[in-house]
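I opened this model to look up its confidence, its nonpolar cores and its salt bridges, and I note each in turn.

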Amino acid sequence: MKTVRLVLLLASIAALGPLARAAESVSVRGLLISASSEPGESDPRLSAYAANLKRILRAESLRLVDEDSTTLAVPSSGQLSLGGQSVQITTESADGKTVLLRARWGSVRQDYVVQRGGGTTLLIGPSGRGGEVRAVLLLAR
C-alpha cells in the first residue's frame, strides 16, 4: 500500500512540473528615448540611466518620449507600444534560472538573457531629424 501511495505522489509531482514552469513569467518595461546632440536638460525620469545613455548614444540631452510595460509567461510573446511603434518580445526558457528575451523594433533585433533579478538592453534606431537618435531601453525582471 505504501508503494502505491509513493508512486501516486511521484506521478502527481511529475504532472505538476510543466504547470509550474508555465507559471514562470518575466516583466518587461520599455522606455522610448530621444537623444540629441543639442545641449540642454535631460528628462529627470531618466536620471538613473542618463550617464550611460549619454556615453553610448553620444548625446548631450535625453528625453523620455513614451513608456509601456507588460508581463509575459515563459515561453510566450507579446508587444510594447512605444510612440506609435511596436516592440515585439518573445520569451524562451534558457534554463531554470534564466530567460532568453528576443526583442524586435522595426529592423533592429536583439537577443539577451535575463538572470534572476533582471537585465537591461538597449535597442538603437536610425538617426532622425537634426541628428536626433531614438532608442528603446528594455528593463526586464
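My entries follow, beginning with how the model is to be read.

Entry 1, basis. I am working from a predicted model, in which local features need pLDDT of at least 70 and side-chain atom pairs count only at pLDDT 80 or more, while totals for chains, interfaces and linings use all residues. Residues are numbered from 1 along each chain as its sequence is written, and side-chain values use heavy atoms, with hydrogens and water left out.

Entry 2, confidence. I looked up pLDDT (the predictor's confidence in each residue, from 0 to 100) and found a chain average of 83, with 84% of the residues at 70 or above. Residues 4-12 fall below 50 and have zero contacts (heavy atoms within 4.5 Å) beyond near neighbours in sequence. Where pLDDT is low, the predicted coordinates should not be read in detail.

Entry 3, core. I then turned to the largest nonpolar core (buried Ala, Val, Leu, Ile, Met, Phe, Trp, Tyr and Cys residues joined through side-chain atoms within 4.5 Å; buried means under 20% relative accessible area, exposed over 50%, partly exposed in between, with a 1.4 Å probe and protein chains only). This core has 20 residues, and L101 is among those with the most contacts inside it. Beyond four places in sequence, I find L101 in contact with residues including V26, V28, I89 and Y112.

Entry 4, charges. I count five salt bridges (a side-chain nitrogen of Lys or Arg within 4 Å of a carboxyl oxygen of Asp or Glu). R102 pairs with D111 at 3.1 Å, N to O, and E92, R102 and D111 are linked in a network. D43 pairs with R45 at 2.7 Å; D43 is buried at 12% relative accessibility, whereas R45 is exposed at 54%.
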